[in-house]
Amino acid sequence: MIDQYQAAIRIAAEHKTPLQICGGGTKYFYGNPITGRSNLLDATAYRGIVDYEPTELVMTARAGTRLVDLEAALDRYGQMLAFEPPYFGAAATLGGCVAAGLSGPRRAAAGAVRDFVLGVRMLNGQGEDLNFGGQVMKNVAGYDVSRLMAGAMGTLGMLLEVSLKVLPKPATEITLRMQLDETAAIEKMNRWAGKPLPISATCHVNGELFVRLSGAESAVRAAQVKLGGEELSESSVFWQSIREQTHDFFQSAKPLWRLSIKSTASPLLLPGKQLMEWNGGLRWLLGDESMSAETIRKIAKDAGGYATLFRNNESCIPVFHPLDSGMMNVHRALKEKFDPSGIFNPGRLYPEI
Amino acid sequence: MSPQELVKSLRSFLSPEAVLYETEDMKPYECDGLSAYRQLPMVVVLPQTEAQVIQILQLCHATQTPVVARGAGTGLSGGALPHAQGVLLSLAKLNQIIAIDPLARMARVQPGVRNLAISEAAAPYGLYYAPDPSSQIACSIGGNVAENSGGVHCLKYGLTVHNILRLRVLTISGECLEIGGESLDSAGYDLLALMTGSEGMLGIVTEITVKLIPKPEKAQLVMAAFDDVLKAGNAVANVIGAGIIPAGMEMMDKITIHAVEDFLHAGYDLDAAAILFCESDGGAEEVADEIKRIYAIMQQSGATKISTPQDEAGRLKCWAGRKAAFPAAGRISPDYYCMDGTIPRKRLADVLRGIEALSQEYGLRCMNVFHAGDGNLHPLILYDANQPGELEKTEEFGGKILEMCIRVGGAITGEHGVGMEKINQMCAQFRTGELAMFHAVKAAFDPSGLLNPGKAVPTLHRCAELGAMHVHRGEEKFPELPRF
Ligand SMILES: Cc1cc2nc3c(=O)[nH]c(=O)nc-3n(C[C@H](O)[C@H](O)[C@H](O)COP(=O)(O)OP(=O)(O)OC[C@H]3O[C@@H](n4cnc5c(N)ncnc54)[C@H](O)[C@@H]3O)c2cc1C
């Protein structure tokens, strides 16, 4: 299998033909279109769990493994992917999940995909089979190339295997719901995040704040008393709808912007419906014609972060927040080193790489 | 450029006290925490502002002069070892906490700020900076970023890489990169991760925005003694298997227990083959629950003695013993050499037996302290530098331990970095392809190789010469180690 991938990569490199690395195809909507005519490099055939030792808190799996299978295996031992990756379809694979670098509701409390990546096995643009990082929690031998792969949108190499840190599932999870306007919600979420409370997710939508508490029953109940609000009966259904964007808010054909900004930033002075997660650190915005990409990006930048045009990009706006020239030079230089012929997903992240 | 010319150019924009070139003035900078390696640089500079750092880098870039960054010099792998023809760039005077934002739970600090100073400054807000290397009263946050340092709480709270948001980094040409943001996610490649642990090889960090987290309401400790290391290792697995992520999980072996007890009289069980320290933190209710569960697991795992100090003084006394392992080593031996490798936890008993065998073979004692939760082993090899040949023997012994770590599927460094010390073992951990990629990454930032040259990544040539010692993961069996 790997031989075939290597051969395909070498041929593509020789002819400088772009390769579109594809997993389950659930995140086609995300990112820019690939520059030029490309061939598909199907990564799904290389799949399966290579090693999983629950008491080591480490799972190593091939990149083509479906997330469903992976999470089912973890579930058997009461463990989970703590970054709650969105699938956007049952076919989602581990490779795609790491390459897209997207994390779900638990991100502010537990960390992002990149925080859980311990090691990767990958093919670079010359088809070389390389291992970075490892299967242990702590490893500072060599540069952290494995984490660099998270969110690189497949532009640096083809992932073959990934080792992830996994965590036990919390014993109890409940969700509290309360009426609050945006400003008050931002203030509350941030105040609570500065207190030792077992908050594992927050979401503000339609004038209501949802707060998920996770942990030992005693801890969750004690926090419930402190926070107040009404307990939601279908806790996991709600968070699933946020994670997978099946919630009503997301049912719109308008451009969906994803702003990752400082959590305390005031409500965005923009028309259009908004949904907040991550204690205010993530703002989803349904854009409309009156807002230019430049305006949205300026607002994000002023709020200490970045804006991505996540979905429904009808007018071919660059999806990812532009980089300044110094950063772009480093990106270009890295791309050149990992993929000298520029064959992996060219343009998917930025036109220059 | 001659040393005189270089000094003259540096003094054109730095005050006289900020440029050291007399041997006696430079002496304190000739080594880091790994004092077996010493080298005087051509000149030491102590800038006070980022603008001065930029000027220094521009000068070094223009004159092709090597630059070695230095924080507090507590590194244990020779990462801050000066370059004979280079500038030693101390960031120690960039030591301001620029801003603390308690509501957003972040602090913006200069690289020379001491790790503990951040937590002290955040304490009035009930917040702290989580990674707590044992050296935290001395080490700098810039050095922590460069080494991706951890501490006893990192299984639960993460390493440096998990606790920083944004960096200002200067490239060798003096250009400033703003990496990350005040946001959790940022745009483009994860250069924040790439910079973390890069040992001063890719750029000079001049500002760091760290995350602050709320101080847990309560912390409590279970201390359990075992008559067999294997049982202690299993107890660790049992705790984690039960779905508990302890705030800290540390182990000491017999010789360490004795050394520490002689020194501190902490009341440790001297018959024990290993002692486990397992800490729970969080809300009062949660901690009470968790401690009960941990206690039961220790019992079921065959602990011979279990104690749970009820008050804070008792808890701190127990920890004091664990933290005193280094000074205790210093008390029973003229010198000691601290190693740092990681292993899959399940191989602990094998590895300890392997270390014991090597200890016999080399005739050198070895104490083992272990960040048991995350598989990070710190063998302390006891030796006497005044005995001819003993340091060399110690280094060889240490090298063998690291190779053993690789063989069982681990790594040659968990948190101390490669630096100068483990450059040879890098040839055992990685193959040519990976090493070539590391050099390529370096070249993407620093094409002329002026930042900390010769550290962290060995030349392919060096590895070829060491060829004989190549052992790749799992490809070779380890005959000395019994399997089970
Ligand atoms: C007693 C003792 C206990 C220790 N315990 C631990 C522990 O528990 N966990 C742990 O992880 N480590 C531990 N260490 C190791 C050491 O303290 C850490 O590696 C620490 O992060 C080094 O910080 P420093 O400021 O002393 O850096 P230095 O030793 O000065 O430098 C370390 C490296 O960082 C580079 N560097 C420094 N500042 C910058 C900068 N601003 N920009 C770019 N590069 C820079 C240097 O070039 C060098 O490569 C311990 C050391 C001692 C002596």
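Of the 32 residues around the ligand, which come nearest?

1. **Nearest residues.** In this predicted model, the residues that come nearest to the ligand are B:Ala69, B:Gly71, B:Thr74, B:Ser135 and B:Ser140, out of the 32 around the ligand.

2. **Polar contacts of the ligand.** Oxygen atoms of the ligand lie close to both backbone and side-chain atoms of chain B, as three cases show. A backbone N or O atom of B:Ala69 is 2.6 Å from a ligand oxygen atom, and a polar backbone atom of B:Gly143 is 3.4 Å from an oxygen atom of the ligand. From B:Asn144, it is a polar side-chain atom that lies 2.8 Å from an oxygen atom of the ligand. Taken on its own, the ligand has 980 Å² of accessible area, and the protein covers 93% of this.

3. **Make-up of the shell.** Three elements of chain B give two or more residues each to the shell around the ligand: β3 (67–70), α5 (141–147) and β10 (204–211). The largest share is that of α5(B), with 5 residues. Sorted by class, the shell has 17 polar, 11 nonpolar and 4 charged residues.

4. **Helix α4 of chain B.** How many of the 8 residues of this helix are buried? The number is 6, so α4(B), which spans residues 115–122, is largely enclosed by the rest of the structure. The buried residues are B:Asn115, B:Leu116, B:Ala117, B:Ile118, B:Ser119 and B:Ala122. They pack against β5 (97–101), β6 (106–109), β7 (127–128), α5 and β10 of chain B. Of these elements, α5 and β10 also give residues to the shell around the ligand.

5. **B:Arg105.** The loop between β5 and β6 of chain B holds B:Arg105. Its phi is positive, near 60°, in a residue other than glycine. Most residues other than glycine have a negative phi. B:Arg105 has 12% relative accessibility and therefore counts as buried.

6. **B:Glu30.** This residue is placed in the loop between α2 (23–26) and β2 (43–45) of chain B. Is B:Glu30 buried or exposed? Its relative accessibility is 9%, so B:Glu30 counts as buried. Apart from neighbours within four places in sequence, the residues in contact with B:Glu30 are B:Tyr37, B:Arg38, B:Gln39, B:Leu40, B:Leu81 and B:Pro82.

7. **Helix α9 of chain B.** Within α9(B), residues 254–264, the buried residues are B:Thr256, B:Ile257, B:Ala259, B:Val260 and B:Glu261. Their cover includes β13 (248–253), β14 (274–282), α11 (312–323), α12 (325–332) and β18 (366–371) of chain B. The helix is followed by B:His265, which has a positive phi near 55°.

8. **B:Leu177 and chain A.** B:Leu177 is part of strand β9 (residues 176–180) of chain B. At 1% relative accessibility, this residue counts as buried. Which residues does B:Leu177 touch, not counting residues up to four places away in sequence? From chain A they are A:Gly326, A:Met327 and A:Val330, and from chain B they are B:Leu167, B:Arg168, B:Val169, B:Thr171 and B:Phe445. Between the C-alpha atoms of B:Leu177 and B:His416 there are 26 Å, with 239 residues separating the two along the chain.

9. **Domains of chain A.** The domain assignment divides chain A into domain 1 (2–168 + 326–338), domain 2 (172–243) and domain 3 (256–311). The centres of domain 1 and domain 2 of chain A, taken over C-alpha atoms, are 31 Å apart. Domain 1 gives 9 residues to the contact between these two, and domain 2 gives 8 residues.

10. **A:Ile49.** Strand β3 (residues 49–53) of chain A contains A:Ile49. With a relative accessible area of 35%, A:Ile49 is partly exposed. Leaving out residues up to four places away in sequence, A:Ile49 touches A:Met59, A:Thr60, A:Ala61, A:Thr65, A:Asp69, A:Leu70 and A:Ala73. One of these, A:Leu70, is 21 residues from A:Ile49 in sequence, and 7.4 Å separate their C-alpha atoms.

11. **A:Asn312.** A:Asn312 is situated in the loop between β17 (306–311) and α11 (325–338) of chain A. Phi of A:Asn312 is positive, near 55°, and the residue is not a glycine. Its relative accessible area is 24%, so A:Asn312 is partly exposed.

Terms used: Residues numbered from 1 in each chain as written. Chains lettered and ligands numbered in written order. Predicted model: local features only at pLDDT ≥ 70, side-chain atom pairs only at ≥ 80, totals over all residues. Heavy atoms only, no water. Near = heavy atom within 4 Å. Polar contact = N/O pair within 3.5 Å; in protein donor to acceptor, adjacent residues only side chain to side chain. Areas by Shrake-Rupley, 256 points an atom, 1.4 Å probe, with all protein chains shown as cover. Helix = DSSP H or I, 4+ residues; strand = E, 2+ residues; numbered from the N terminus. Nonpolar A, V, L, I, M, F, W, Y, C, P; charged D, E, K, R; others polar. Buried < 20%, exposed > 50% of the residue type's maximum accessible area, 1.4 Å probe, protein only. Contact = heavy atoms within 4.5 Å. Domains from an automatic or database assignment.
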